[in-house]
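User: I'm new to this one and would like a walk through it. Could you start with whatever stands out to you?

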Amino acid sequence: MKLKLTKIGKLVFVLLLLIIIFGLLFIYYKKDDIKSIHKIESNEFYDIKIDYEETGIEKIDKSIVEYVNDKKKEFIDIVDISGRVETSKYNLIVNVQNKEYNNLISVQATSFAYTGGAHYTREDKSFIYNTKINNYITFLDLLIDEDFDKIKPIILESLYNYAKDKKIILNEDWVNNGTKYSLENYELFYFNKEGLNIVFVPYQVASWADGEIIINIPYDKLKGIIKDEYLEGKLSTGIDLLPEQKPRDLEKYKDKLLIAFTFDDGPNKKTTTRLLEGIKEYDARVTFFVLGSRVENNKDVLIKAYTEGNQIGSHTYNHLNLLLLDDATVLSEINKTNEVIEKVIGKRPDLLRPPYGNINDNIKSLANMHIINWNIDTEDWKLKNREKIKENILKYARDGAIVLLHDIYTESVEGALLAMAELEKEGYAFVTIEEMIKLKGIDLDYSKTYYNF
Ligand code: ZN
């Protein structure tokens with residue numbers, strides 16, 4: 001039998017095809033529409049920095065935006081009332097991290113507000129969302145028969161092991177209060193390939209100085225206690241190999257003018273990836289000062305940056321003004337970042353760029369890292385215009401310079417690439433900090449702050 005399409009048949013066929021094409025385009029567009037949000041607001045009284053990624057799930061994104069707006073309003077109200085600048089500028093940092101595993105999206109929002117006095121106040125808020133039932137869940141929802149008594153001894157065991165490991169002395173009353181079941185005590189938990197992780201915020205089970213405590217309970221201990229659907233986990237595909245970085249031969253850059261482009265506040269999937277593609281054209285390698293809070297969500301791009309020969313430094317975990325922190329928090333901001341970077345790329349960073357460039361001798365001795373600031377401030381975050389950013393770089397470029405940029409903005413990345421195209425013609429080579437000091441024969445000193453070489 002021969003199939004013969006009538007005119008109407010053909011029309012229906014074409015229509016169906018169009019519907020499928022537009023449907024796919026719509027899904028693709030939606031996917032690409034998930035945004036990484038970075039907002040900086042700065043005036044003579046305060047600096048506000050907000051950092052989060054949309055999940056693409058309306059319910060969660062709405063909760064995040066509400067949280068961020070509430071914190072901002074609270075902060076600005078206080079600033080308006082007090083109306084004067086202390087010795088340090090007021091400061092609000094809101095970081096939101098999402099972890100996705102085992103059909104759960106765990107959102108951790110942390111805000112740090114400095115509105116005078118000695119220190120920041122920290123506030124944590126979390127939401128756990130199950131993508132299978134499309135709703136929020138609580139810790140009890142993980143447990144078979146909501147039986148908390150069964151998991152409690154395992155939690156305590158993990159907590160005491162953690163304390164022993166980190167040489168923390170736990171106060172029994174604090175532990176009793178901080179581990180008994182309540183929505184507040186068990187607000188933040190997430191799965192990864194190692195098992196279930198429960199986060200205790202500062203002051204919950206230990207002192208402020210001991211920082212945030214994350215205990216991990218392996219899957220084999222959770223059998224018969226948590227529901228099967230959470231036991232499956234996404235098994236890792238073999239052993240995670242640590243990435244390798246091959247140094248390049250520096251001989252051919254010896255007679256060049258050298259300039260180090262540095263990028264703060266990332267990594268960021270879209271814009272950092274674009275930068276990594278773009279710099280290849282100029283045989284460029286750059287230095288990234290990454291935020292610890294952004295590493296987990298952007299592992300792949302960090303690994304790519306590192307394996308392609310770029311240098312990874314630390315910009316601390318939460319981007320707090322280090323001058324406003326007690327020693328224990330300074331250490332945790334620095335160490336947590338070094339640990340999370342080392343876990344992903346296998347190398348502990350030895351360069352630190354303090355947020356806002358703020359540093360003193362005490363922080364230097366606590367950090368025991370090389371402090372790298374800059375001598376070319378492109379003001380890219382304010383300008384948000386590639387031509388102007390390019391011009392700022394070209395105007396101040398000279399041998400040994402360190403350029404400050406942020407790889408979380410498209411205009412900054414494009415501005416940097418435009419500048420590279422011009423500078424290449426003028427005989428510049430684009431090197432990492434490590435390459436720069438090798439080429440110039442400099443030994444870095446821990447007690448110094450470097451602005452250029
Ligand atoms: Zn920064």
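**A buried histidine and its surroundings**

Analyst: Histidine 319 is a good place to begin: in this predicted model histidine 319 is buried, because its relative accessible area is 6%, and the cut-off for buried is under 20%.

User: Where along the chain does histidine 319 sit?

Analyst: Histidine 319 belongs to the loop that runs between β12 (311-314) and α8 (327-345). Its backbone is also worth a look, since histidine 319 has a positive phi of about 65° although it is not a glycine.

User: What sign does phi have in most residues other than glycine?

Analyst: Most residues other than glycine have a negative phi. Asparagine 368 is also a residue other than glycine with a positive phi, in its case near 50°, and asparagine 368 is placed in the loop between α9 (361-367) and β14 (370-372).

User: Back to the histidine. Which protein donors does the zinc ion have?

Analyst: The protein donors are Asp265 through OD, His315 through NE2 and His319 through NE2, and they lie 2.1 to 2.2 Å from the zinc ion. Along the chain, the donors of the zinc ion follow the spacing D-x49-H-x3-H.

User: And histidine 315 and histidine 319, are they buried or exposed?

Analyst: Both histidine 315 and histidine 319 are buried.

User: Changing topic: which residues does a cis peptide bond join?

Analyst: A cis peptide bond joins glycine 266 and proline 267, with omega at about -5°, whereas most peptide bonds are trans. Proline 267 is located in the loop between β10 (257-264) and α5 (269-279).

User: Now the strands. In what order do the three strands of the open sheet come?

Analyst: The order is β7-β8-β9, and the pairing in this open sheet is antiparallel. β7 (189-192) and β9 (213-217) stand at the edges with a single partner strand each, so one side of each is left without a neighbour in the sheet. From one strand to the next, the twist averages 25°.

User: How many bridges are there between β8 and β9?

Analyst: Strand β8, residues 195-200, pairs with β9 in the antiparallel sense over five bridges. To follow one residue across, asparagine 197 has asparagine 216 in β9 as its bridge partner.

User: Which helix lies across β8 and β9?

Analyst: That is helix α3, made of residues 148-166, which lies across β8 and β9 and runs at about 125° to β9.

Notes. Residues numbered from 1 in each chain as written. Predicted model: local features only at pLDDT ≥ 70, side-chain atom pairs only at ≥ 80, totals over all residues. Heavy atoms only, no water. Helix = DSSP H or I, 4+ residues; strand = E, 2+ residues; numbered from the N terminus. Buried < 20%, exposed > 50% of the residue type's maximum accessible area, 1.4 Å probe, protein only. Pairing = 2+ DSSP bridges. Axes fitted to C-alpha atoms, helices over the stretch in contact; angles between N-to-C directions. Contact = heavy atoms within 4.5 Å. Donors = N, O, S within 2.8 Å, 3.2 Å for Na, K, Ca; no water.
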